[in-house]
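Reader: Please set out the architecture of this two-chain model in questions and answers.

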Amino acid sequence: MKLRQIAHARTGDKGDTSSIAVIAFDPADYGKLAQAVTAARVKSHFGTLVAGEVTRYEVPSLGALNFVMRQALGGGVTRSLSLDTHGKSLSSALLDLDIPDA
Amino acid sequence: MKTVRIGAGAGYSGDRIEPAVELAEKGALDYLVFECLAERTIALAQQARRTNPDAGFDPLLGERLKAVLVPCRRAGTRIVTNMGAANPLRAAQYAAGLARQLGFPGLKVAAVTGDDVLAAIAGSDCRVEESGAPASALGASLISANAYIGAAPIAEALAAGADIVITGRAADPSLFVGPLVHAFGWSFDDWHRLGQATLTGHLLECAGQVTGGYFADPGFKDVAGLARLGFPIGEVSEDGSVVITKVAGSGGEVTPATCKEQILYELHDPARYLTPDVTADFSQVRVTQIGPDRVRVEGASGQERPDRLKVSLGVAEGFTGEGQISYAGPGARARGELALAIVRERLALTGVATSELRFELIGIDSLHGAALSTKCGQEPYEVRVRVAGRTTSRAEAARIGREVETLYTNGPAGGGGVTASVREVLGMLSTYLPREQAAPTVHMLES
């Protein structure tokens, strides 16, 4: 199944760093989320789009994970050649991630 | 127990005006805060001020104040905003003049200055975070340097009786922390409460982003009434906890999910959110729905504030040129790909000097590149070609759009709707400055 079935997400940006908060709709799914969505999975999902490292922060009280991705915005919002200079649409790309059904 | 009601009237410079009017009229607010200053906006404002010493503050300041001043005065609501941008003093003079015109003589308008630290940074050996090089290496390309100042001068202005407080580059949450510290008489080393107040500021600073804006995803997250989205109110208690709500009958929704998205928005380490006021800790925050469109948020904390202030640097970094053209119907994608190949060859053939180029099809692969975009196999009905490049001169940037435009008569069949543009690139970098080197000052004016 897709990550979108159990979680919602929002992207933020600071300079050339993108951060994506992934939040379980049902706090009971937090464990499943934490198991399936590792920093390594996120890094490989985005491939060449994210040149730098991906760090994962856990926020169990909100049933959420926060991913901080360096060198992810083509030099940052003010100089990127991308249509989406903020990388706002990256959260939607992450929700397309395949996760185990169980 | 005392409760302070603080509302967010704007989440960015161009934000809707009516939600602030609704808040001013029906929110029973103590404070109405307008956050209107993105990083890049202040660098642009500095450029505007350089050509006209009276310019450099937010062009919508007048329109926003005209819309809310009457209901704010009626309700006793004080206004705090960073719409001063690069020229808080002129903005305050303008606001005072406007207040007089609107029939409010004797209104106190405070300007907070001191965030402009260009003189201290230019030519200094302050290390630029992104490059590791000293600021002096930026030379004449350095256009602006603004330190993120904190809540203290805002609280000071309110204590001196200001009805309107206008700042330049203040940290966004500090616009909310200032009024809360003033209203409750908290101390500026009460890290726990400052952490809580910073959470309240962070929840409110993007206005509609916590009331259901930037949230809807039909079938998964449905939100009613987005065309009439209401902006948020924080009901803050003396212990620092907050209930997020909005005016009854306005569009959107306040739920645990909308609050969670905003709590984590633009955060890096949730246990260490750095502001000029405090090192805030949001890692133990809890949210509880306590009524319709009412969510209690609690559990934030904080530790001692950082020694140094973050400084945002505006740097002239050349130009970008761009051109677009559309193709539709059978074979649209193949003609779009042919168009891209032609422009790619033409830019090389005619020797357009670029340091970076992008060739993409909007509707196919423009946002996330080929790897993520290949999953949808269906042939699109239409595509839009986009070519963008980075150059050192405006003239060179214009050549990129022209090579797309020539596709009209020289390219594949049926291309239409060309647009071409050139944009000056203002890069944003950052550095840090010892706190003592940025001295915020409050100037009090009267209408």
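**Sheet, interface and domains**

Author: In chain A, four strands form an open antiparallel sheet, and their order is β1-β2-β4-β3. This is a predicted model, in which local features need pLDDT of at least 70 and side-chain atom pairs count only at pLDDT 80 or more, while totals for chains, interfaces and linings use all residues. Residues are numbered from 1 along each chain as its sequence is written, and chains are lettered from A and ligands numbered from 1 in the order in which they are written. Helices (H or I, at least four residues) and strands (E, at least two) are DSSP runs, numbered from the N terminus, and two strands pair if DSSP finds at least two bridges between them.

Reader: Which strands of chain A stand at the edges of the sheet?

Author: Neighbouring strands of this sheet are turned by 20° against each other on average, direction ignored. An edge strand here has a single partner, so one side of it is left without a neighbour in the sheet. The strands in this position are β1 (7-14) and β3 (54-59) of chain A.

Reader: Which residue of β4(A) stands opposite T55(A)?

Author: β3(A) runs antiparallel to β4 (residues 64-69) of chain A, and six bridges join them. Within β4(A), the residue opposite T55(A) is V68(A).

Reader: Which helix of chain B lies across the strands of chain A, and at about what angle to β2(A) does it run?

Author: Axes are lines fitted to C-alpha atoms, for helices over the stretch in contact, and angles run from 0 to 180 degrees between N-to-C directions. From chain A itself, helix α2 (residues 39-46) lies across β3 and β4, at about 135° to β3(A). From chain B, the helix that lies across β1, β2 (17-24), β3 and β4 of chain A is α9 (residues 256-264), and its angle to β2(A) is about 155°.

Reader: Which residues of chain A does A257(B) touch?

Author: A257(B) is placed in helix α9 of chain B. It counts as buried because it has 21 C-beta neighbours inside 10 Å; the term buried requires 20 or more other C-beta atoms within 10 Å, with 12 or fewer for exposed and partly exposed in between, C-beta atoms being placed from the backbone. Leaving aside residues up to four places away in sequence, A257(B) touches H8(A) and I23(A).

Reader: Which element gives the most to the side of chain A that touches chain B?

Author: Two residues are in contact if their C-beta atoms, placed from the backbone, lie within 7 Å, and 28 residues of chain A are in contact with 40 residues of chain B. The chain A side has 11 nonpolar, 11 polar and six charged residues, where Ala, Val, Leu, Ile, Met, Phe, Trp, Tyr, Cys and Pro count as nonpolar, Asp, Glu, Lys and Arg as charged, and the others, Gly among them, as polar. The elements that give two or more residues to this side are β1, β2, β3 and β4 of chain A. With five residues, the element that gives the most is β1(A).

Reader: How far apart are the C-alpha centres of the two domains of chain B?

Author: Domain bounds come from an automatic or database domain assignment. Chain B is divided into domain 1 (3-114 + 149-306) and domain 2 (316-426). Their C-alpha centres are separated by 40 Å.

Reader: Which residue of β6(B) stands opposite T81(B)?

Author: In chain B, β1 (residues 3-10) and β2 (residues 31-34) run parallel and are joined by four bridges, with I6(B) partnered by Y31(B). Four bridges also join β2(B) to β3(B), again parallel, and V33(B) stands opposite V80(B) there. β3(B) in turn runs parallel to β6 (residues 164-167) of chain B through three bridges. Opposite T81(B) in β6(B) stands I166(B).

Reader: Which residues of β3(B) point the other way from R78(B) and V80(B)?

Author: In a regular strand the side chains alternate between the two faces of the sheet. In β2(B), Y31(B) and V33(B) on one side and L32(B) and F34(B) on the other are all buried. Strand β3 (residues 78-81) of chain B has R78(B) and V80(B) pointing one way, and all of its named residues are buried. Those that point the other way are I79(B) and T81(B).

Reader: At roughly what angle do the axes of α1(B) and α3(B) cross?

Author: A20(B), V21(B), A24(B) and E25(B) in α1(B) meet residues of α3(B), including R64(B) and A67(B). The residues of this contact divide into eight nonpolar, no polar and two charged. The axes of α1 (residues 18-26) and α3 (residues 61-75) of chain B come within 8 Å, and their crossing angle is roughly 10°.
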